[in-house]
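Could you walk me through this structure in the viewer, one selection at a time? I would like to know what to click on next and what I will find there.

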Amino acid sequence: MDTGTPEDSNRSANPSIHEVSDPARRMLLRLGTGAAAAALYGPWVAGCATGEPQPRLGFAGVPTSNADTVVVPPGYVAQVIAPWGEPVGVAGAMPTWRPDASNTAAEQAVQLGMHHDGLHYFPLDGARRGLLVMNHEYVDEGLLFTDGQAGWNAAKVAKAQAAHGIAVVEVERAPEGWRLVRPSPFARRFTAASPFAVGGPAAGHALMRTEADPAGTRILGTLNNCAAGMTPWGTYLSGEENWAGYFDGGPALTADQRRWGLRAAGWARWGDHDERFDTTRHPNEFHRFGWIVEVDPMDPASTPVKRTALGRAAHEGAWVAVTKAGRAVVYSGEDAAFEYIYKFVSRDRVAPGAQGLTKAKANATLLDHGTLYVARFDADGTGQWLPLVHGQGPLTAANGFADQGEVVVKTRQAADLLGATKMDRPEWLAIEPGGTTVYCTLTNNSGRGALGKPGVDAANPRAMNTMGHIIRWTEANDFDATRFRWNHLLLAGDPANPRAEAQGTIRGDAFGSPDGLAFDPRGLLWIQTDASSSTLGQGDYANLGNNQMLACDVASGEVRRFLTGPVGCEITGAAFTPDATTMFVNVQHPGETPRGRSDPADPTRYSRWPDGAQATRPRSATLAIRRRDGGPVGS
Ligand code: FEO
Ligand code: CA
Ligand code: CA
Ligand code: CA
């Protein structure tokens, strides 16, 4: 989800931040200094130095586009499956989507939700049949209801809640392409009202107890689910991102609530009709969101779990690596300006499955015990993981942390005290196959360097960072190391931009606001953009067209545009069949206007994707992308 509007406003507030003091110094910081950088990043530096792109990008790049359609390279086909409102396939409960948006809340609760985001493919039969699990980040009330927000009432709040969350659908490859399998015993929806269990140090904590849940162990709902990752034991991880905006804080906010971005009235207006979201009545409900949730899609009877040991944040998502010794390391970031990058190292080793016990069940509590760290990126190209452990350093009762449960509920404040590096909105992370290098998109932060805001640093080197960048680090030894070396894969931008600071360092096709990021099974890095609707087509984004998807050969650094989306959308979520012959991608919020809503009265921005001229409203949907010759996508 893009929440860039407040930051965008900083642009005009401080025109002096156009000026960057010393571009040469920035470049040095970005690349790291001489021998040290060459030693650590030898292949990267060498690859860039030769100037010759490696032959791994095997498709013809596509130009930027302003068209209300999806464009992919010659020789590829992008098929629309699973749009908002299609029934997921629960037996006996498959209500047809009504194009006038008159489906009820109960119907929406068994249909695909709105605003598709991260997704993952779990094979049932290799590349022929599997489960797609996907996030539904938020809703556009103007599309969700026949009459928009008019007459806001409890039924509308219930339908909005039902259009959030996570969906599990079964898909299969038929001769004519991919299709939903319905009914399916695996089909499920988790909404903003579904029960979740709680694991880790905040389970049952006093800060998590509410009138409705005095034990603090059972939470209704997941919210603003953004990016997705999967675990090596076959479960799905989803990040609760901008959950604070669903709560109404009332007139007297505490310091803690302000640190978490609570406002007097939330954007969703749920507190008007669901008192859970009124923090003046239920203050602890606010602590019960902001977690990574784990879903076992292969067990339709399972209850998903909020994993509190991984910290509370405006979590974009979570991605898992395994150390040589078999411990799970979970990387996550917080997509908010000047927030942090985290990792969690499990205490125990990943367990193999056993007879009668799936690997998912064998690791059902693995993510509940371990050590949480936050990243500090130093100017010399090294960095450190700082432990967020109660009793260590400043994380003591005297400083407001009674125990580890309070440390994780107040992860932001704990990271503040440790002096972690405030980043330019960390979005997706991706772990490079065959090493210990991790990449992270920093989507943009136009407030960097603005009056009263942090200035540039080595890791976030541009003031008024409208275009974003991609940082990467290599752990010193293994994924559980506490030290690392880092540099930038690229600074995003447009070389044709007259503003030098927005030109970037991309070798290849221009883009800005990187968000989705994923390595495919063959090692290509896929980058997806989410330039906000208020920036698309203007200012630094004047030449960049609609949001897009690109592939990067990280060995050479070459970037090539693979896909452009319809008007007003963002492109997000990348999942692959094991043989990489199908790539699943989500198109979120086609037709979104600068006001954050789709508006048929704004015909230059309105989208009729994917249903075409007869469409009553645009719909988020999943794309299944294949090469016509059946080969691996992108290569
Ligand atoms: Fe939901 Fe940070 O994008
Ligand atoms: Ca968006
Ligand atoms: Ca985004
Ligand atoms: Ca995102």
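Here is a tour of a predicted model, with stops at metal sites, a pocket, a loop residue and some cysteines.

**Stop 1: calcium ion (ligand 2).** Select the calcium ion (ligand 2) and show the side chains that coordinate it. You will find D530, which appears twice through OD, together with E570 through OE and H589 through NE2, at 2.2 to 3.0 Å. Along the chain, the donors of this ion follow the spacing D-x39-E-x18-H. Now colour the loops that carry two of these donors: D530 lies between β26 (525–529) and β27 (548–553), and H589 lies between β30 (582–588) and β31 (621–627), so the pair ties together parts that are 59 residues apart in sequence. Switch on a surface and you can check that D530 and H589 are both buried.

**Stop 2: calcium ion (ligand 3).** Keep D530 selected, as it leads to the next ion. D530 bridges the calcium ion (ligand 3) and the calcium ion (ligand 2), and the two ions lie 5.2 Å apart. Which residues coordinate the calcium ion (ligand 3)? They are E427 (OE), D515 (OD) and D530 (OD), at 2.3 to 2.5 Å. Their spacing in sequence is E-x87-D-x14-D. E427 sits in strand β20 (residues 426–431) while D530 is in the loop between β26 and β27, so this pair ties together parts that are 103 residues apart in sequence. E427 is buried, as is D530.

**Stop 3: calcium ion (ligand 4).** From here, follow E427. E427 bridges the calcium ion (ligand 4) and the calcium ion (ligand 3), with 3.8 Å between the ions. The coordination of the calcium ion (ligand 4) comes from E316 (OE), E427 (OE) and D515, the last of these listed twice through OD, at 2.3 to 3.0 Å. In sequence, these donor residues are spaced E-x110-E-x87-D. With E427 in strand β20 and D515 in strand β25, the pair ties together parts that are 88 residues apart in sequence. Both E427 and D515 are buried.

**Stop 4: the second largest pocket.** Leave β20 highlighted and bring up the second largest pocket, which has a volume of about 660 Å³. Of the 31 residues that line this pocket, those closest to its centre are H120, M230, W319, I431 and F519, so select these five to find your bearings. To see where the walls come from, colour β2 (116–125), β9 (225–230), β13 (315–322), β20, β25 (514–519) and β29 (570–576); each supplies at least two lining residues. Colour the lining by class and you get 23 nonpolar, six polar and two charged residues.

**Stop 5: D296.** Next, go to the loop between β11 (292–295) and β12 (305–307), where D296 is found. Is D296 buried or exposed? At 10% relative accessibility, D296 counts as buried. Beyond its neighbours within four places in sequence, D296 is in contact with G234, T235, S302, A360 and K361. Draw a C-alpha to C-alpha distance from D296 to K361 and it should read 8.7 Å, although the two are 65 residues apart in sequence.

**Stop 6: cysteines.** Finish by selecting C226 and C552. C226 counts as buried at 1% relative accessibility, and C552 is buried too, with a relative accessible area of 0%. How many disulfides does the structure hold? There are zero.

Technical notes:
Residues are numbered from 1 along each chain as its sequence is written. Chains are lettered from A and ligands numbered from 1 in the order in which they are written. This is a predicted model: local features need pLDDT of at least 70, side-chain atom pairs count only at pLDDT 80 or more; totals for chains, interfaces and linings use all residues. Side-chain values use heavy atoms; hydrogens and water are left out. Donors are N, O and S atoms within 2.8 Å of the metal (3.2 Å for Na, K and Ca); water is not among the atoms, so sites may look incomplete. Helices (H or I, at least four residues) and strands (E, at least two) are DSSP runs, numbered from the N terminus. Buried means under 20% relative accessible area, exposed over 50%, partly exposed in between (1.4 Å probe, protein chains only). A disulfide is a pair of cysteine sulfur atoms within 2.5 Å. Contact means heavy atoms within 4.5 Å. On a 1 Å grid over the protein atoms alone, a cavity is a set of points where a 1.4 Å probe fits but cannot get out, and a pocket is an open set with protein on both sides within 12 Å along at least five of seven lines; lining residues have an atom within 4 Å of a point. Grid points are joined across faces, edges and corners, and a volume is the space filled by probe spheres set on the points. Ala, Val, Leu, Ile, Met, Phe, Trp, Tyr, Cys and Pro count as nonpolar, Asp, Glu, Lys and Arg as charged, and the others, Gly among them, as polar.
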